[in-house]
Amino acid sequence: LKGDLAMQLLLIVALGLAILTVIFALQNPIPVGVTFLIWKFEGSLAFVLLSTFALGVIVSLLISIPAIVKRRSTISKQTKKITELENSSRERIPPS
């Protein structure tokens with residue numbers, strides 16, 4: 001139940017952001033030129049801003065992958081150690 005509510009809330013927020021993005025794109029159709037090193041590109045202001053935002057999100061996700069993998073590895077090792085300790089303690093304590 002709690003997970004379903006969180007998922008519905010996330011869906012509502014995503015839908016709201018999608019609607020705001022469409023409104024932003026419709027209100028900013030002005031063509032702008034972008035130059036980066038040897039590339040020259042012309043597109044709408046909304047497209048340029050949204051694509052740079054998306055590129056920033058992708059780069060930040062790629063940068064965070066090593067930390068996520070390390071954290072999952074640590075959690076896995078700790079879970080394994082906890083299981084070993086629980087099994088060890090069960091063997092030492094005689095049943096009543």
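**Hairpin and helix**

Trainee: In which sense do strand E1 (residues 31-36) and strand E2 (residues 39-44) pair?
Mentor: A strand is a DSSP run of E with at least two residues, a helix a run of H or I with at least four, both numbered from the N terminus. Two strands pair if DSSP finds at least two bridges between them. E1 and E2 have six bridges, and their sense is antiparallel.

Trainee: What kind of model is this?
Mentor: Residues are numbered from 1 along each chain as its sequence is written, and side-chain values use heavy atoms, without hydrogens or water. Local features need pLDDT of at least 70 and side-chain atom pairs pLDDT 80 or more, while totals for chains, interfaces and linings use all residues, as this is a model that is predicted.

Trainee: Which residue in the turn of the hairpin has a positive phi?
Mentor: At the turn end, Thr35 is bridged to Lys40, and Phe36 to Trp39. Two residues lie between E1 and E2. The one with a positive phi, about 55 degrees, is Leu37.

Trainee: How many of the six residues of E1 are buried?
Mentor: Buried means under 20% relative accessible area, exposed over 50%, and partly exposed in between (1.4 Å probe, protein chains only). E1 lies largely in the open, because the number of its residues that are buried is zero.

Trainee: How far apart are the end C-alpha atoms of helix H2 (residues 45-92)?
Mentor: The expected span is 1.5 Å times one less than the number of residues. For the 48 residues of H2 that gives 70 Å. The distance in the model agrees with this, at 69 Å.
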